[in-house]
Amino acid sequence: MNTIKIIKNFIIFNTKPWLDFFISSTNLITDIKDLQKIQHKSWDTVREIFSKKINELNLKTGVEIGVAFGGHSEYMLKNTQITKLYGIDPYKHFWFYFDPMNLSQRKFDFLYAFVIGKLNTFGDRFELIRTTSEKAVRYVDKIDFIYIDGNHSYEQTKKDIENWYEKINTGGLIGGDDYDHPSFPGVKKAVDEFFKQKDLQITVEHGGVWYVINNNLK
Ligand SMILES: C[S@@+](CC[C@H](N)C(=O)[O-])C[C@H]1O[C@@H](n2cnc3c(N)ncnc32)[C@H](O)[C@@H]1O
């Protein structure tokens, strides 16, 4: 009788952490899929704008700063002829940064693995770089376009534009999201300051997608 009890306790003791891990992982997948559905409802409507420009200008290489669920990266890879897209996202929780996409570290770790799996089908055309946009600058050579949709504070958007503007080939495209988003007023401020000072025209389309086209770039 005692032996059975010992075996039973042994099994419970040894399998419980794995069972807990499995259950909490299952919840995480559900959480992430739910969050993805909500985000995609609002983000999907604006995806076509940037890809249309990429096609018009026949651009081949680019960067997306802020990949999140990989929805926009996937859209660009499916709907354009780009040969190389670098996705940059630290998948890291930042304290005191208020954004619904500033997930918990556990969710970010999971999301990172989820996105690798999701975009794996594109092979070498897609490379996910898990770091901040600031650090990633040195890993990427000249590119044709950059889509800025990472940290939406004024300071970071300004840095992203300044750092990545230099990387764009002549005839390229620089743009991003949330130009007139009420929660992120810093985006518009940074974009306006930078391009107005250079006397370059900013186009803003629905959903807050903004861009400055090719021959404008000096
Ligand atoms: C709004 S989501 C991106 C959505 C994605 N572009 C799309 O349209 O599907 C913002 C992402 O930016 C990432 N992020 C935050 N700070 C960043 C930084 N400094 N560099 C790059 N990505 C950053 C976050 O981890 C988050 O996944």
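**Figure 1. Pairing of strand E1 with its neighbours in the predicted model.** Two strands are taken to pair if DSSP finds at least two bridges between them. In this predicted model, strand E1 (61-65) and strand E4 (residues 143-148) pair in the parallel sense over 4 bridges, and the bridge partner of Val63 in E4 is Ile146. E1 also pairs in the parallel sense with strand E2 (residues 84-88), here over 5 bridges, with Gly87 of E2 serving as the bridge partner of Glu64. Together with helix H2 (71-79), the strands E1 and E2 make a right-handed β-α-β unit. Because 4 of the 5 residues of E1 are buried, this strand is largely enclosed by the rest of the structure.

**Figure 2. Val63 and the largest nonpolar core.** The largest nonpolar core has 37 residues, and those with the most contacts inside it are Ile54, Val63, Phe145 and Ile146. Strand E4 provides the largest share of this core, namely 5 residues. In soluble globular proteins, nonpolar side chains tend to be buried together. When residues up to four places away in sequence are not counted, Val63 touches Tyr86, Ile88, Val140, Ile143, Ile146 and Trp164; among these contacts, Ile146 is also the bridge partner of Val63 in E4.

**Figure 3. Residues around the ligand.** The shell around the ligand comprises 20 residues, of which Gly66, Ala68, His72, Gly150 and Asn151 come nearest. By residue class, the shell divides into 9 nonpolar, 8 polar and 3 charged residues. Strand E1 and helix H2 each supply at least two residues of this shell, and both elements belong to the right-handed β-α-β unit that is completed by E2.

**Figure 4. Ile202 in the loop between helix H6 and strand E6.** Ile202 is placed in the loop that lies between helix H6 (185-197) and strand E6 (203-204). Since a residue is called buried if 20 or more other C-beta atoms lie within 10 Å of its own, and exposed if 12 or fewer do, Ile202, with 18 C-beta neighbours inside 10 Å, counts as partly exposed. Leaving aside neighbours within four places in sequence, Ile202 is in contact with Val191, Phe195, Trp210 and Val212. For one of these partners, Val191, which is 11 residues apart from Ile202 along the chain, the separation of the two C-alpha atoms is 8.3 Å.

Conventions. Residues are numbered from 1 along each chain as its sequence is written. This is a predicted model: local features need pLDDT of at least 70, side-chain atom pairs count only at pLDDT 80 or more; totals for chains, interfaces and linings use all residues. A residue is near a molecule or strand if its C-beta atom, placed from the backbone, lies within 6 Å of it. Ala, Val, Leu, Ile, Met, Phe, Trp, Tyr, Cys and Pro count as nonpolar, Asp, Glu, Lys and Arg as charged, and the others, Gly among them, as polar. A crossover is right-handed if, with the strands pointing away from the viewer, the path from the first strand over the helix to the second runs clockwise. A nonpolar core is a set of buried Ala, Val, Leu, Ile, Met, Phe, Trp, Tyr and Cys residues joined through C-beta atoms within 7 Å. Two residues are in contact if their C-beta atoms, placed from the backbone, lie within 7 Å.
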